[in-house]
Amino acid sequence: MFPRRQNGYAWINFVALLCLCGRTASQLTYTISEELNKGTVVGNIAKDLNLNIQELETRDLRLVSSYSKNYFDVNLRDGNLFVNERIDREELCSHLAKCSLRLQVVLSNPMNAHRVEVNIMDINDNSPAFIENTYALNISESSLTGERYILPVAVDADVGSNSVKTYKLSPNDHFSLDIQSSGEHGVSAELVLQKALDREKQSVITLVFTAVDGGKPPRSGSLQIQVNIMDINDNSPAFVKSLFKVRVTENAAAGSLVIKLNATDLDEGINGKILYSFIKRGNIDPLNMFDLNPETGEITVKGKIDFEETPAYEVRVQARDQGMSSRSAHAKLLIEIIDVNDNAPEISVTSLTTPVKEDAEVGTIVAFVTVSDKDGGTNGGTNCNVVGSVPFKLKSNYKNDYSLVVDGPLDRENISFYNVTVKATDEGIPPLSSIRIITVEVSDVNDNAPHFIEPVINVFVKENSPTGSVICKISALDPDLHKNAKISYSLLDSVPRNIPILSVLNINSETGEIISLQSFNFEELKTFQFKVQATDSGVPPLSSNAIVNVLVLDENDNIPTILAPYSEHGSVNSENIPYSAEAGYFVAKIRAVDADSGYNALLSYHLSEPKGNNLFRIGTSTGEIRTKRRMSDNDLKTHPLVVLVSDNGEPSLSATVSIDVVVVENTADIQTQFRHVPMKEDNFSDLNLYLLIAIVSVSVVFLLSLISLIAVRCHRTDGSFSRYSAPMITTHPDGSWSYSKSTQQYDVCFSSDTLKSDMVVFPAPFPPVDGELISINGGDTFTRTQTLPNTEKVGYIGSHILFLFLVYKVSLNMSFQMSYYF
């Protein structure tokens with residue numbers, strides 16, 4: 001039952017087909033009349049979709065359409081779908097029996113799409129009208145009763161029952177109407193002569209021809225017909241049949257023959273000569289599409305025939321003789337156009353969500369896609385899909401309506417936008433297709449933590465460097481965008497733990513510059529470690545850490561220190577030698593140490609002798625003073641010597657000690673500087689036992705390490721050794737060794753002092769951190785400090801053997817030194 005509304009008398013018929021399957025679409029169908037007043041309610045969207053009124057606003061209900069006007073809108077307070085713009089069916093769907101508007105109802109959270117189809121019913125708002133205001137008809141007076149004369153048809157913009165349904169003729173004595181129904185092509189009328197004409201009584205008859213539509217109330221339009229009574233010619237032409245049917249393929253070439261008409265006339269001469277012509281009816285002029293040869297009756301193609309514009313043509317043709325009072329016959333020609341697949345599908349896109357977040361879930365709707373094809377039948381069937389490998393796909397909503405949805409993971413850091421190619425193909429032979437490219441941008445989310453190029457950063461700082469200097473600049477990268485890629489830096493804990501890192505260093509949170517808050521002393525602190533954290537500004541923020549190794553580089557800032565007995569404060573340093581001393585006689589041994597390390601602690605000894613004194617010499621590296629020759633009577637009895645002890649730093653620092661060497665005649669007067677000389681014992685002492693145990697232990701450890709290393713290395717393939725070149729070991733005059741190969745070089749230095757046996761391994765030059773500076777001090781101290789690095793870990797077996805050998809040698813040296821001092 002259709003409810004009647006006061007304004008517009010709108011008939012509204014609601015048919016709802018709702019299929020809810022997860023996120024699938026459904027369709028609502030409404031039927032309304034055209035020309036409804038603005039605000040007329042079409043139906044209740046909330047009720048028909050089983051939605052609460054509150055959901056309309058919370059889920060952001062929207063209407064999406066491809067029309068230029070917003071014909072409908074939704075009241076979010078009560079869910080009513082109402083008319084928003086005047087709807088003129090004739091404007092929207094001219095000459096179409098069915099007129100409908102298609103809308104998309106889109107809901108968010110979750111995203112759902114529903115199709116709404118509103119059928120527009122015609123109302124009788126247009127009156128029938130004729131193209132001409134008057135119509136002239138010439139009829140011979142000899143015309144027989146029952147002859148028929150075709151009359152113009154009226155045009156009514158309305159359709160269905162509101163179109164032209166019948167014709168009326170004003171009352172007269174001679175003519176009546178014969179109304180003919182052509183089914184879907186409407187009705188037509190012919191003027192039938194009911195009573196013989198007499199030109200002498202009445203030469204002109206004026207009739208009123210009225211077209212009436214089927215509306216309630218009906219509308220009508222009139223045409224004045226002027227019948228001119230002609231004389232003489234008493235035979236009319238006649239067609240073979242009153243209805244001709246022919247089929248023509250669309251896009252037929254110009255000049256193609258459609259049909260050849262055939263009419264005859266029993267008259268002879270000029271009264272029997274027939275000329276053919278088209279009769280224009282309504283607003284369709286057949287002369288625009290076809291040519292008619294007036295003499296032969298051949299109809300050929302003239303214009304472009306398009307099935308999509310007009311699937312069939314109904315043409316009226318006339319055969320007229322050439323008599324003085326020419327007579328004519330009429331026939332109907334129905335030309336049916338055969339469709340060919342000459343139209344590719346059309347793709348229209350309505351974008352909804354762009355850009356799409358890179359963490360969008362599978363199934364998220366990106367855009368709506370509608371495919372249409374102007375061809376009919378099989379040629380108008382379409383298939384649509386996404387071409388290429390992209391994380392998107394088309395999901396069918398209803399017939400030719402699709403949703404472009406996310407079909408895989410998105411990563412903006414790899415691909416920031418996609419050109420999604422949508423291809424639609426019809427089912428014609430051969431099939432036609434069209435392509436539409438949809439650009440989908442991907443927006444960033446904070447899914448990447450900052451990362452450092454190197455997880456371990458080695459920083460070299462010279463000792464005594466000024467406070468406030470930048471020791472290094474830390475940099476991290478974040479592939480995200482904008483605030484998700486804005487990085488701030490901070491300092492974390494340090495190793496050793498007793499160093500308060502924030503009191504030693506500071507970091508610029510924006511630039512990553514690390515600034516020293518104090519000056520470093522290599523002798524107090526050689527190395528320390530801390531962590532740097534890089535945090536982005538995303539929500540939630542992501543962070544990563546890097547380890548920073550700070551290695552303090554030694555500077556030559558300590559002078560050598562003379563050891564006892566010559567370092568005693570206020571003591572007079574003197575030594576006695578016999579007059580009979582031979583060349584090379586041992587006089588004294590100077591011992592010194594340096595608080596620095598490496599070359600800065602490598603000491604050399606020299607004599608600052610008066611001119612002409614060439615009696616004594618000193619070992620550059622040992623510090624032993626010996627005679628160069630035998631004494632002579634010309635030599636002095638007392639020889640003052642100044643010993644200069646210099647280190648190897650840049651610049652070099654030095655210390656001096658003075659010794660007076662006294663020549664005595666009696667050897668009994670010579671006193672040794674060592675008061676406690678160990679006595680040789682025949683028995684095996686505890687000290688010897690300890691020494692033997694130490695030597696055996698060191699030797700066993702060395703042999704086991706060497707055997708294990710060789711076994712592990714030999715287990716590898718031969719190719720693993722081919723990367724390394726043969727090493728080379730070089731000795732130097734100052735007592736140092738150099739170990740070198742193609743990728744690295746080490747300098748090994750031994751201190752000349754018996755009280756401080758240092759072995760120092762220097763990578764040269766300074767490559768990235770991985771090497772070690774190993775200092776083995778005499779006495780009971782063993783320190784192993786990570787210092788200057790090498791480019792790669794020593795991978796060659798010779799370097800390991802050399803290292804083990806040096807450790808072994810120094811360990812033995814330490815054992816012998818301990819036994820010596822005891």
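**View 1. Seven residues, Ile131, Glu132, Pro152, Val153, Lys280, Arg281 and Gly282, line the largest cavity.** This is a predicted model, so every close-up here shows computed coordinates. The volume of the largest cavity comes to about 30 Å³. With the cut-off set at 30 Å³ or more, the count is 1 cavity. Sorted by class, the lining of the largest cavity splits into 3 nonpolar, 1 polar and 3 charged residues.

**View 2. Here we look into the second largest pocket, with a volume of about 820 Å³.** A total of 39 residues line this pocket, and Arg148, Tyr149, Ile150, Ala329 and His330 are the ones nearest its centre. Several strands chip in with at least two lining residues each: S9 (134-140), S10 (148-150), S16 (238-239), S20 (274-279), S23 (312-321) and S24 (328-338). Strand S9 gives the largest share of the lining, 6 residues. As for the chemistry of the wall, the lining of the second largest pocket has 16 nonpolar, 12 polar and 11 charged residues.

**View 3. Tyr167 and Phe209 make a stacked aromatic pair.** The structure has 9 aromatic pairs in total, and in this one the ring centres of Tyr167 and Phe209 sit 4.9 Å apart, with 10° between the planes. An angle under 30 degrees is what counts as stacked. Tyr167 belongs to strand S11 (residues 164-169) and Phe209 to strand S14 (residues 204-213), so their pairing ties together parts of the chain that are 42 residues apart in sequence.

**View 4. Zooming in on the same two rings, are Tyr167 and Phe209 buried or exposed?** Tyr167 counts as buried because its relative accessibility is 4%. Phe209, at 0% relative accessibility, counts as buried too. For reference, the cut-off for buried is under 20%.

**View 5. Phe130 joins Tyr167 and Phe209 in one aromatic cluster.** Keep the Tyr167 and Phe209 stack from the earlier view in mind, with its 4.9 Å from centre to centre. Put Phe130 alongside those two rings and you have the cluster shown here.

**View 6. A lysine sits over a ring: Lys526 lies over the face of Phe522.** The distance to look for is 4.9 Å, taken from Lys526 to the ring centre of Phe522.

How values were computed: Residues are numbered from 1 along each chain as its sequence is written. This is a predicted model: local features need pLDDT of at least 70, side-chain atom pairs count only at pLDDT 80 or more; totals for chains, interfaces and linings use all residues. Side-chain values use heavy atoms; hydrogens and water are left out. Rings of Phe, Tyr and Trp (its six-membered ring) pair if their centres lie within 6.5 Å; planes under 30 degrees apart count as stacked, over 60 as edge-to-face and the rest as tilted. Helices (H or I, at least four residues) and strands (E, at least two) are DSSP runs, numbered from the N terminus. Buried means under 20% relative accessible area, exposed over 50%, partly exposed in between (1.4 Å probe, protein chains only). A charge sits over a ring if NZ of Lys or CZ of Arg is within 6 Å of the ring centre and within 35 degrees of the ring normal. On a 1 Å grid over the protein atoms alone, a cavity is a set of points where a 1.4 Å probe fits but cannot get out, and a pocket is an open set with protein on both sides within 12 Å along at least five of seven lines; lining residues have an atom within 4 Å of a point. Grid points are joined across faces, edges and corners, and a volume is the space filled by probe spheres set on the points. Ala, Val, Leu, Ile, Met, Phe, Trp, Tyr, Cys and Pro count as nonpolar, Asp, Glu, Lys and Arg as charged, and the others, Gly among them, as polar.
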